Amino acid sequence: MADARASGGDRPLYSNGYKATVLGLLLAAYTFNFIDRTIIATIGQAIKVDLKLTDTQLGLLGGLYFALLYTILGIPIARLAERWNRVTIISLSLVIWSGFTALCGAATSFAQLALFRFGVGVGEAGCSPPSHSLISDYYEPKKRASALSIYSFGIPLGTMFGAVAGGWLAQEFSWRVAFVIVGLPGVILALIVKLVIKEPPRGHSEIIERPLEAENLVVEPAPKPAFSMANEFSELWAVTKILFGKWPVLHMVLGVTIASFGSYGSGAFVPPYFVRTYGLGLAQVGLIVGLIGGFSAGIGTLVGGFLTDWAGKKSFKWYALTPAIGLIVCTPIYISAYLQTHWQTTALILLIPGIFHYTYLAPTFAVVQNSVEPRRRATATALLFFFLNLIALGGGPVFTGWLIDHLAQFNFNNPGSTGILHALAGSFGDPGAQSFGASCPGGLAPKGSAPELAKACAGAMARSTQQGIIVSLCFYAWAGVHYGLAAIGLAKHMRERAGA
């Protein structure tokens, strides 16, 4: 039973079945989180054509405009979660972001869509910090990376469902209907989360890991810290010093940030790539991208958690070495996939690298959670996500979209050009060249244009999207280097934290 009590004590004992239920509901919440966050990548091509947007604007909608309030509000919400009921925060957040996702379907301009995406970011800010904290109270340190990998499985799961459902809905109905249909079910899930999940005592998993000397021993919960602005800044500074002042933790933070920058940047334009390069429909693209992400990224996320918890019993350094190896191995495989000339070959190759790529998530979150005290865990996740998402989610899609726009200008005026470096070097020169944006609004030639112009627009768009994605993929190898550096001193750091 979830509310069983320890003999002679006053702390609850949670059954494995109940903990699995809690973890499953938090996984469901995170899945909806990523469905609503990433669906814009799948249906972005339809929005681009309908509202006549540039890829930079698509990048802003999928990245910065979501990430800005998401990252900023994550910190005060996390501080609230250190004192208040975390389950209530998650439930309210679910209602807010689901409602704003549905409202995106009513947008008639870029400005309105941007405003609603800000709202989605406001709601989603209350998901992961309290969820990480709850999971760390339900699962002891030696099982924490595994539990967090199951929670993080919501990333590929949400991306898969968002791609498959969003692509089909956008093609069969419209991109507006897609937003509404994927947004509203989150409100029902919010009610279930509030009714089923119980708020555990802070530091509960650390308590049950220590043997009780006597049956009648009562363990008092840690007192709640008194609220004051001085104390708030002191707590933030204490967590900041661990995240950025400890060599192994710093390099894991840099690794997850740089890897996510490349992932968000390239991922935002993978569905448009299949549309622009191979002329596939949105439903087919959603199915391809969704199944690939659900399979390879899902396996990689779970392997990263369970493998590092297993290998970590021998040496803590594997919490860093596993992601380092995975990210470096996946980079050339990804690049080779986008150099193919048939979508079937590209899709088959893409089944492989995600298994290596996504091993970095769970061990990073576990190291961060294990590096701070129980009442600082939501704060640690919020600060990590502030740094990570402001740079990666806020900058990755914008960077790739901006890069594609510049490359499209060059490729439009130099259709015979080959090589990414040549295109990159030439994309910022020749100010007198013909404007791609004016000739190809929304990336397509205006209706009634000559076939030559239509072909030139489509060719430049496809080539530039391929090149922009490949450049973004190179960030994975860079991130792998940081994880390699994090392995230096990680075992000592983790032993010190375990004895704290």
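Q: Why does the length of helix α4 (residues 86–104) agree with its number of residues?
A: The expected span is 1.5 Å times one less than the number of residues, so the 19 residues of α4 should span 27 Å, and its end C-alpha atoms are indeed 27 Å apart. Helices here are DSSP runs of H or I, at least four residues long, numbered from the N terminus. This is a predicted model, in which local features need pLDDT of at least 70 and side-chain atom pairs pLDDT 80 or more, while totals for chains, interfaces and linings use all residues. Residues are numbered from 1 along each chain as its sequence is written, and side-chain values use heavy atoms, leaving out hydrogens and water.

Q: Which residue caps the N-terminal end of α4?
A: Asparagine 85 does, with a side-chain oxygen 3.0 Å from the backbone nitrogen of valine 87.

Q: How are two packed helices described?
A: They are described by the angle between their axes and the distance between the axes. Helix α1 (residues 16–51) and helix α6 (residues 128–138) pack at about 165°, with axes 11 Å apart. That angle makes α1 roughly antiparallel to α6 (over 145 degrees).

Q: Which residues of α1 and α6 meet?
A: Tyr18, Lys19, Val22, Leu23, Leu26 and Tyr30 of α1 meet Ser128, Ser131, Leu134, Ile135 and Tyr138 of α6, where contact means heavy atoms within 4.5 Å. By class, the contact of α1 with α6 has eight nonpolar, two polar and one charged residues.

Q: At what angle do the axes of α4 and α6 cross?
A: The axes of α4 and α6 cross at roughly 145° and come within 9 Å. Arg86, Val87, Ile89 and Ile90 of α4 make this contact with Pro130, Ser131, Ser133, Leu134 and Asp137 of α6.

Definitions and conventions: Axes fitted to C-alpha atoms, helices over the stretch in contact; angles between N-to-C directions. Helix = DSSP H or I, 4+ residues; strand = E, 2+ residues; numbered from the N terminus. Parallel < 35°, antiparallel > 145°, perpendicular 65-115°, else oblique. Nonpolar A, V, L, I, M, F, W, Y, C, P; charged D, E, K, R; others polar. Polar contact = N/O pair within 3.5 Å; in protein donor to acceptor, adjacent residues only side chain to side chain.
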